[in-house]
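Take the chain from its overall dimensions down to single residues. Keep the structure open while reading.

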Amino acid sequence: MDIAAPHAEIDLAITGMTCAACVSRVEKVLARVPGVTAASVNLATERARVTADTPDVAPLIRAVEKAGYGASLVEEAAPLAPPPDRSELIRVLMAAGLSAPLLIGMAIPALMLPGWAQFALATPVQFVLGWRFYVAGWHAARALSGNMDLLVALGTSAAWGLSTWTWLPSGHAHGLYYESSALLITFILFGKYLEGRARRQTGAAIRALMQLRPDTARIRRDGADVDVPIGQVRRDDLVVVRPGERIPVDGVVTEGLGGVDASMLTGESRPVEAEAGTPVAAGAINIDGNLVIRTTAVGHETTLARIVRLVEGAQASKAPIQRLADRVSGVFVPVVLVVALVTFAGWLLAGAGAGTALIHAVAVLVIACPCALGLATPTAIMVGTGVAARHGILIRDAAALEVAHAVDIVAFDKTGTLTEGRPRLVDVLAFGGDRDAVLLLAASLQAGSEHSLARAMQEAAADKALSPCSGFQALPGRGVRGIIAGRTVVLGNRRLIEDAGLTLPEAPDSPGHTLSWLAEIGPEPCVLARFAFGDTPKTGAAAAMAQLRGMGLQTIMLTGDGPDAARSVATALGIDRVLAEVLPADKAAEIARLRADGSVVAMVGDGINDAPALAAADIGMAMATGTDVAMETAGITLMRGDLEMVAQAIDISRRTMGKIRQGLFWAFAYNVLGIPLAALGYLSPVLAGAAMALSSVSVVANALLLKRWRP
């Protein structure tokens, strides 16, 4: 967290939340704090993310505590889920031990305990082990809101109170409902314990990532290797990594040769060979060589730290689909209280006794607890984004995950995305001049450019002494311009030459190649040469396009390259549509046009010139092998240059959204079916409590099935 930021993002750990109604309550009190512009609370992670004008957390914590919950600032590198709390299990076992004799008496009337024994067993369950429900329920009631705890406290207190009222005057053991109140609390405590265990598993991906960075590093100083805490490593330090050790920093190998396993970062199953000049990332494992690495990034600047922040942000965010559950939970508890009162009155009017009417009202209160409603979306998002990260797919937030599942068109940049991005000069055609002279002129002009075609030109002219260039100017989407030896020259695509008022000379076709034209602009403008570059499609690109077609998706290629080269690549890969000679701004306009036609568009790119299109798309996917600008703009980052990861990202999005829909369906179904059954007397309070606990556990367990996803 950057506390100096004008709009600070503050992460708070929230305690005491039990259901979707609690989430809604905490969000409302945080949003009312002066200076807060946004607040999002996640039940599964038990965290709140607040955007505020000031980094002061004290007012936020006070507001949450006043609402009856606990809050504390989340420190950097804090674990996403707390360690298991043995006291929870102890409370469950104690409640089960006290309730078991009551259950036996309910099942076998001959073994029913006397009234005083039932009272003695049920009372500590009700008021000691179940005290948490009273505390949280009171806070909710005092704030004129409702939550799961309020429903449980009201329902079990009614059953316990009626039993005590009946037993004290008569001393009879029959007609009491102590087993209902005690077993209800036992089932709910057990359900919360199982739910907590399952929720801790949803944060496994984050914890696994955080454990990748070693606590110490071995630094070479003055010829000696010294172990120091990782916090003392600085840029340009030489870090020594032995076989079998994890790399502690981002850097570049300066000495040594060996295999590096970066599977936890990129999802790449095979080790990569590292040698002098190879970049490596913190968290990767040095398999079989002694490596000396010059540090380029440490601490929060490393690739690993960025991945952790991205995954944490995604898991803490709230999907748009969650708004439905939030709206329902806001009115759910008051409606349930009304239904319970109507149930009680209805049974009384039907001639049932007060005890029977009350028990049916208790069943309504308990079956309707909205726990599952609040867990359905965040648990699926946590598991989905976590398993995606383990396979090298980084999803920025829940909104990106939700959008990606609906994509029907995938647009690709060409160079560096569909192709290797390492073109080479394959042909030079000089018009009335010397081949070496025009090559020298073109290479001199591009000496200051980082474009992939410029690098290919530099390699082709590596044995030549380049001339100085002044007035260099990059012309986005067209080429470059500069002055060499007093001559103003341009080098670029067909559009650049035509914009200069020149006509391209007749030249033999060069199918499948990217063409650049060199021309002189001046008193006697003329086209000097044509250069042809070859770039090979990426391995697996054709298979990736076939996968997307198999998923029912249309593919489009947007490129600034010439039509012939673009069509050649598109035909080889099986791409549906091609738009060639497209400027960066025009790429964004084309994406906007597709969206205006009703399509949901994903854009895949890796370069600075792809950033406008990535931002214009419904969802941008950036290759981590490309530029930081592209990755900052995209909603999804693919940690390898493997195009099959595009289909994988869409697939995990679809599967996660499927789990969210299933969870919300079951959460609503439990209540839609359970409340009428309880009101009509077909569900006892004990069965209602078991069903309520089962609803939360089943929703979380169903989301955890996503952990089995494989690309």
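The protein chain of this predicted model holds 24 helices and 26 strands. Its C-alpha trace spans about 120 × 65 × 45 Å along the principal axes. There are 711 residues in the chain, and 51% of them count as buried. Consider the contacts with a separation of 6 or more: 68% of these come from residues 24 or more positions apart.

Start toward the N terminus, with helix 1 (residues 20-31) and helix 2 (residues 58-66). Their axes lie 9 Å apart, and the packing angle is about 140°. The angle makes helix 1 oblique to helix 2. The crossing is right-handed. Which residues meet here? Helix 1 brings Val-26, Val-29 and Leu-30, and helix 2 brings Leu-60, Ala-63 and Val-64. A general point helps in reading such a list. An α-helix has 3.6 residues a turn, so residues three or four places apart point the same way.

Next comes a hairpin. Strand 2 (residues 36-42) and strand 3 (residues 47-52) pair in the antiparallel sense, with six bridges between them. One of the partnerships is that of Ala-38 in strand 2 with Thr-51 in strand 3. Four residues separate the two strands of the hairpin. In the turn, Glu-46 has a positive phi of about 55°.

Now move to helix 6 (residues 148-170), which packs with helix 12 (residues 354-367). The angle is about 160°, and the axes are 9 Å apart. Why do these two helices count as roughly antiparallel? The cut-off is 145 degrees, and angles over it count as roughly antiparallel. With an angle of about 160°, helix 6 and helix 12 are therefore roughly antiparallel to each other. This crossing is left-handed. On the helix 6 side, the residues in contact are Leu-151, Leu-154, Gly-155, Ala-158, Ala-159 and Leu-162. They meet Gly-355, Leu-358, Ile-359, Val-362 and Leu-365 of helix 12.

Stay on helix 6 for one residue, Leu-150. Is Leu-150 buried or exposed? Its relative accessible area is 12%. Buried means under 20%, so Leu-150 is buried. Now take a distance from that residue. Val-578 is 428 residues from Leu-150 along the chain, and their C-alpha atoms are separated by 60 Å.

The next stop is an open sheet of six strands. What is their order? The strands run 6-5-7-13-8-11, with antiparallel pairing. Strand 6 (224-229) and strand 11 (279-280) are the edge strands, and each pairs on one side only. Within the sheet, look at strand 7 (residues 238-241) and strand 13 (residues 291-297). These two run antiparallel and are joined by four bridges. Val-241 has Leu-291 of strand 13 as its bridge partner. In a regular strand the side chains alternate between the two faces of the sheet.

Just before the edge strand 11 is a loop. It links strand 10 (272-274) to strand 11 and contains Glu-275. With a relative accessibility of 46%, Glu-275 counts as partly exposed. Leaving out residues up to four places away in sequence, Glu-275 touches Val-253, Gly-256 and Leu-257. The C-alpha atom of Glu-275 is separated by 44 Å from that of Val-527, which is 252 residues away along the chain.

Further along, His-405 sits in the loop between helix 14 (398-404) and strand 15 (409-412). A polar atom of the His-405 side chain lies 2.4 Å from the backbone oxygen of Glu-402. What does His-405 touch, not counting residues up to four places away in sequence? The contacts are Ser-653, Arg-654, Met-657 and Arg-661.

Finish with two helices that pack together. Asp-434 caps the N-terminal end of helix 15 (residues 435-445). A side-chain oxygen of Asp-434 lies 3.1 Å from the backbone nitrogen of Asp-436. Buried residues in helix 15 are Val-438, Leu-439, Leu-441, Ala-442, Ala-443, Ser-444 and Leu-445. In helix 16 (residues 452-460), the buried residues are Ser-452, Leu-453, Ala-454, Ala-456 and Met-457. What do the buried residues of helix 16 pack against? Helix 15 is one of the elements. Four strands complete the list: strand 16 (424-430), strand 19 (487-492), strand 20 (514-521) and strand 21 (526-534).

Definitions and conventions: Residues numbered from 1 in each chain as written. Predicted model: local features only at pLDDT ≥ 70, side-chain atom pairs only at ≥ 80, totals over all residues. Heavy atoms only, no water. Buried < 20%, exposed > 50% of the residue type's maximum accessible area, 1.4 Å probe, protein only. Polar contact = N/O pair within 3.5 Å; in protein donor to acceptor, adjacent residues only side chain to side chain. Pairing = 2+ DSSP bridges. Axes fitted to C-alpha atoms, helices over the stretch in contact; angles between N-to-C directions. Parallel < 35°, antiparallel > 145°, perpendicular 65-115°, else oblique. Left-handed = near helix turned anticlockwise from the far one by under 90°. Contact = heavy atoms within 4.5 Å.
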